[in-house]
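Let's take a friendly walk through a protein model together. Have a look at the sequence and the 3D view, and then read on.

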Amino acid sequence: MTVHSPRLRNSSGAELNLRSQILFQEPTRTHTKDLVTAVASWHKTYVHESSHWARYHGSTVGILLSLLRRSRDQLAAYAISHMSQRQTVDLHEHRSSGVPFLSFKRYPQHAGGELKYNELDWLNLYYTYYVLLDPEGLTEFDATTWDTRAAFENSLEDTWRQSAGVEMAERSEDARVSVTGPLKLVHTSEGPLTTRTLFECAAVIDELFQFEGAFLRTADPTLRELLVEEMSGEYGLPWRLACALAGRDLGGSVVLTLIDFALNPVVPGLTSADPSVDWRELYPPYRFAAAAKAMAGWESDLEFQPLSHEMAVHFQHVLAKRSGLRTGRVVSRPSSLSTLRQAATTPMHLVERTPAVSLMCASRLLDLREEDVCALSHYGANFLEDRAVRFVNPDRGMWWLFPVFQASRGEYRWPAEHVNLNEATDLLLSAAVASAYDDILHGTGPLASDHLPRALIEDRGEAEALNQVLKGSTGLDMGWGRI
Ligand SMILES: [Zn+2]
């Protein structure tokens, strides 16, 4: 069994894969009769997926998820390199007989040495990541009885310890993270509200916005109808919930602001040095519901006037007041790197390279957030009218506002003006090895590859090179295309 691959995708199957941070999108299908419509269709898909990139890396919850993932991979690398020979043999035997080396169902499996602690810490980090993003990533492993509070407290503390003084605030040795209040998920009559669906709902609203622009107005109207239809499904759940809680119809622009409020929670160590946080301020779906409820009996200027940075900031301020929930702003600069080349060439462990790219982009996106919050909260507006002009001048160099790495027709693509072939390859190999840790510890059977460009695995030479890197990094005789 392969482990869950977290992804943010649109209806045409394009996706930002959060495991590898690669955007998968196919080129325009030119056999479509109407070329404008074909290009328009590609454009709105690209807006959708790029919005995921910018919202994820430019929000507090996205940065927290990147840090949680890095802590998990660092722990995996450490645990694997400190295993005894007996434990390594066990790992191979477990996996080949279809039993994950670490699993919620069988915990505790390992009584020996440090592995006893690493097992619990790793499972907690995995669990916390998925409860935050999308609990669906956990269902196949029967994690329903896991202690959510202990998982969050331990994982937030581990991550803070790893990142203190760099991406996160300084931490005093005796600071113990505590998460207070009932740790409830948000259930609706249509199913659970998750952080993932908040990202998806926002992306579809961004796509809908494109039809207000001159270009998409000339495209086949069915494109827009398809989006409206999509809104009647899972991706529209947050919008419907918000209207129900507010007791009236809310426009897309308001819903986008509520989502932005939800995606920027209070996080110990990340948004302040206070080690205690209430679940209601931490959990994005809860924040969203509370913000929507705060709209009842209040009509804001945002609903009637053109969007501006000042108005959006003011709106969020009033939302915080009315909901009683603060907004969490990241206090440290998440990265000291400034170019993609530095992220590719600065010496660091393989598991740190993809997060280094994410955090470098996060730093730029957070600067943009301070200057023009709508560029993130209303991402789709970046492609409309006078706002679109900023992309016409390439000197602005806003490449970090879009997914950096892509796969198209199975081939890997990178921004050639920022990294050369060798550097791009190093970044891809690091992403592949870091993503393999989940599989090694928590999956069984062959290593998963659906989050990687197909050509990398299909080319025997490249796959072998990749397997060598994996072996060099983990010491394990394991690889893609083998058991
Ligand atoms: Zn999506």
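Gln21 is buried, because 25 other C-beta atoms lie within 10 Å of its own. Here a residue is called buried if 20 or more other C-beta atoms lie within 10 Å of its own, exposed if 12 or fewer, and partly exposed in between, with C-beta atoms placed from the backbone. You can find Gln21 in the loop between strand E2 (15-17) and strand E3 (22-24). Helices (H or I, at least four residues) and strands (E, at least two) are DSSP runs, numbered from the N terminus. Before going further, please note that this is a predicted model, in which local features need pLDDT of at least 70 and side-chain atom pairs count only at pLDDT 80 or more, while totals for chains, interfaces and linings use all residues. Residues are numbered from 1 along each chain as its sequence is written.

**Backbone surprises**

Most residues other than glycine have a negative phi, and most peptide bonds are trans. The table lists some places with a positive phi.

| Residue | Phi | Place |
|---|---|---|
| Gln21 | near 60° | loop between E2 and E3 |
| Arg409 | near 50° | loop between E8 (405-408) and E9 (411-413) |
| Gly247 | about 75° | just after H9 |

Is Arg409 buried or exposed? Arg409 counts as exposed, because it has 10 C-beta neighbours inside 10 Å. Another feature to look for is the cis peptide bond that joins Tyr107 and Pro108, where omega is about -5°. Pro108 sits in the loop between helix H3 (85-96) and helix H4 (115-133).

**The whole protein**

Now zoom out: the protein has 19 helices and nine strands. Its radius of gyration is 22 Å, close to the 23 Å that the globule rule gives for 483 residues, so the protein is as compact as a globular protein of that length. This radius is taken over C-alpha atoms, and the rule is 2.2 Å times the number of residues to the power 0.38. Along the principal axes, the C-alpha atoms fill a box of roughly 65 × 55 × 40 Å. Of the 483 residues, 49% count as buried.

Two residues are in contact if their C-beta atoms, placed from the backbone, lie within 7 Å. Among contacts between residues at least 6 apart in sequence, 76% join residues at least 24 apart.

**The core**

In soluble globular proteins, nonpolar side chains tend to be buried together. A nonpolar core is a set of buried Ala, Val, Leu, Ile, Met, Phe, Trp, Tyr and Cys residues joined through C-beta atoms within 7 Å. How many residues does the largest nonpolar core have? It has 132 residues, and those with the most contacts inside it include Trp122, Phe288 and Ala291. Helix H17 (residues 421-442) gives the largest share of this core, 12 residues. Leaving aside neighbours within four places in sequence, Ala291 is in contact with Leu258, Phe261, Ala262, Leu319 and Ser323.

Leu429 lies in H17 and counts as buried, because it has 20 C-beta neighbours inside 10 Å. Beyond its neighbours within four places in sequence, Leu429 is in contact with Leu466 and Val469. The C-alpha atoms of Leu429 and Leu470 are separated by 8.7 Å, although these residues are 41 residues apart along the chain.

**Helices H9, H6 and H8**

Why is helix H9 (residues 237-246) described as largely enclosed by the rest of the structure? Seven of its 10 residues are buried, so the rest of the structure largely encloses it. Among the buried residues of H9 are Leu237, Trp239 and Leu245. The partners that the buried residues of H9 pack against include H6, helix H8 (222-231) and helix H10 (252-262).

Ile205 is found in helix H6 (residues 195-209). Ile205 counts as buried, because it has 26 C-beta neighbours inside 10 Å. Setting aside neighbours within four places in sequence, Ile205 is in contact with Gly252, Val255, Leu256 and Gly380.

Finally, compare H6 with H8: their axes come within 10 Å and cross at roughly 155°. That makes H6 roughly antiparallel to H8. The contact is made by Val204, Glu207 and Leu208 of H6 and Leu227, Glu230 and Met231 of H8. Axes are lines fitted to C-alpha atoms, for helices over the stretch in contact, and angles run from 0 to 180 degrees between N-to-C directions. Angles under 35 degrees count as roughly parallel, over 145 as roughly antiparallel, 65 to 115 as roughly perpendicular and the rest as oblique.
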